[in-house]
Amino acid sequence: TVRVEGERLYDISIGPGLLADPVRISHVLRGRHALIVSDSNVAPLYADRVEQTLHAARAGMQVARFVMPAGEQEKTLSRFCQCLDALATLGATRDATVIALGGGVIGDLAGFAAACWMRGIDVIQMPTTLLAMVDSSVGGKTGVDLAAGKNLVGAFHAPRAVIADTTVLRTLPPRELCAGLAEVVKYGAVFGADFLGWLESHASALAAGDDFALTEAIARSCLYKAEVVSRDPYEHGERALLNFGHTFGHAIEAEQGYAGAGSQALNHGEAVAVGMVLAARLSSALGRASAADAQRLQVLLQRLGLPTALPAGLDPQALLARMRLDKKAEAGGLRFILWDHAGLASVVRGVPDELVLDVLRAA
Ligand code: NAD
Ligand code: ZN
């Protein structure tokens, strides 16, 4: 269990079998209404189990489901409205609980619905992807996408609890597992050279989905995220370091079009993997880190089954234009999270366009 302070205190529980553990959830459940929000891949696998657990945890619970099609392209205002309608149909009161059972898409959308329903009700995050376990379920950022860009509408709404059942990772497609590993590497890249070393020595086990290695990686990642979010819940300062690789990554995602079902486009974690390599190279171009460290990061990501090169056909100028539109951009030049050395990063402002273009052209 990892404890998160900050805007609200909550526990992150990590371990096998937790979705079927009524005791764990009984401590954080109140009221009579719960809405399980999930997607078309996850609900058939796990929603019955969670519903049984809710009934076992609290007698007389009224449980309903809102199941939406899977995929980033569904993280929309119209699905969000449907989710609110499902709360209305359930007759959810102020003490109702939203259960976000799925990956980051479900966590973000369900969390945002919980933030808005009657100005805020509890959400329990039950992340089912590695990415959601190590990143999106912790920290209270919720929201949906607009046609104009990702995550443009949202709210900070910390969960009542995070319950991560590691056994669900066995059904996760391998590509999604690798995507989550990119965010795990991010914590090492930004907060811990030690953790980078641990990842290097466990890379084969992690890529193979080894339970023990994954649980350890999740717990360490959650500790890093919990510490940062506890100190800086609203991203006024160091929480921004978690965007290492994301300025490039978001530009790649936006420029290629978001990965839909069966699409060849890079998903978020894959785009972040490429983005981290580019950020490391940019760091070394600015004399802030060695080229050897950038190379080492690239090798680790490759061993974890992740791409490290720009997808063919992406135009450097177009990517640069996207980065200027990113909500992390500011007036007066591009802002990047860059290495001081491997395992330590800081915010760097006013990075010259030419240097960024050089890195993109060489990628
Ligand atoms: P996702 O939610 O789309 O899940 C990926 C795919 O895996 C989906 O098809 C899903 O149905 C399937 N799936 C999920 N769990 C499964 C399981 N156990 N077995 C089989 N299939 C399963 O994507 P994601 O990578 O989890 O999340 C990406 C989203 O998270 C993005 O929208 C991103 O913006 C958001 N995000 C938010 C934060 C935050 O702080 N709020 C941080 C990082 C990312
Ligand atoms: Zn990310």
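A cavity here is a set of grid points where a 1.4 Å probe fits but cannot get out, and its lining residues have an atom within 4 Å of a point. All the views below come from a predicted model.

**View 1. The largest cavity, with helix H12 as its main contributor.** H12 hands over 4 residues, the largest share of the lining. Helix H7 (193–201) and helix H12 (291–303) each put in at least two. Look for Leu 196, Glu 200, Asp 293, Arg 296, Leu 297, Leu 300, Trp 339 and Ala 342 around the space, which comes to about 40 Å³. The lining is a mix of 5 nonpolar and 3 charged residues, with no polar ones. In total, the model has 3 cavities of 30 Å³ or more.

**View 2. The second largest pocket, about 170 Å³ in volume.** Its lining is made of Arg 3, Leu 9, Tyr 10, Asp 11, Ser 13, Arg 24, His 27, Val 28, Arg 160, Ala 161 and Ile 163. Strand E2 (10–15) and strand E9 (161–165) are the elements that give two or more residues to that lining. E2 gives the most, with 3. Sorted by type, the lining has 5 nonpolar, 2 polar and 4 charged residues.

**View 3. Ligand 1 and the residues around it.** There are 26 residues around this ligand, and Asp 39, Glu 72, Thr 128, Thr 129 and Thr 171 come nearest. Two threonines show up again in the polar contacts: a ligand nitrogen sits 2.7 Å from a side-chain N or O atom of Thr 128, and a ligand nitrogen is also 2.7 Å from a side-chain N or O atom of Thr 171. Val 105 joins in through its backbone, with a polar atom 3.1 Å from an oxygen of ligand 1. On its own the ligand has 860 Å² of accessible area, and the protein covers 89% of that. Helix H2 (43–57), helix H4 (104–116), helix H5 (130–136) and strand E8 (149–156) each give two or more residues to the shell. By type, the shell splits into 9 nonpolar, 8 polar and 9 charged residues.

**View 4. The zinc ion (ligand 2) and its protein donors.** Glu 183 (OE), His 246 (NE2) and His 268 (NE2) are the donors, lying 1.9 to 2.2 Å from the zinc. Along the sequence, their spacing reads E-x62-H-x21-H. Glu 183 belongs to helix H6 (residues 174–191) and His 268 to helix H11 (residues 268–285), so this pair ties together parts that are 85 residues apart in sequence.

Key: Residues numbered from 1 in each chain as written. Chains lettered and ligands numbered in written order. Predicted model: local features only at pLDDT ≥ 70, side-chain atom pairs only at ≥ 80, totals over all residues. Heavy atoms only, no water. 1 Å grid on protein atoms, 1.4 Å probe; cavity = no way out; pocket = protein on both sides within 12 Å on 5 of 7 lines; lining within 4 Å. Points joined across faces, edges and corners; volume = space filled by probe spheres on them. Nonpolar A, V, L, I, M, F, W, Y, C, P; charged D, E, K, R; others polar. Near = heavy atom within 4 Å. Polar contact = N/O pair within 3.5 Å; in protein donor to acceptor, adjacent residues only side chain to side chain. Areas by Shrake-Rupley, 256 points an atom, 1.4 Å probe, with all protein chains shown as cover. Donors = N, O, S within 2.8 Å, 3.2 Å for Na, K, Ca; no water.
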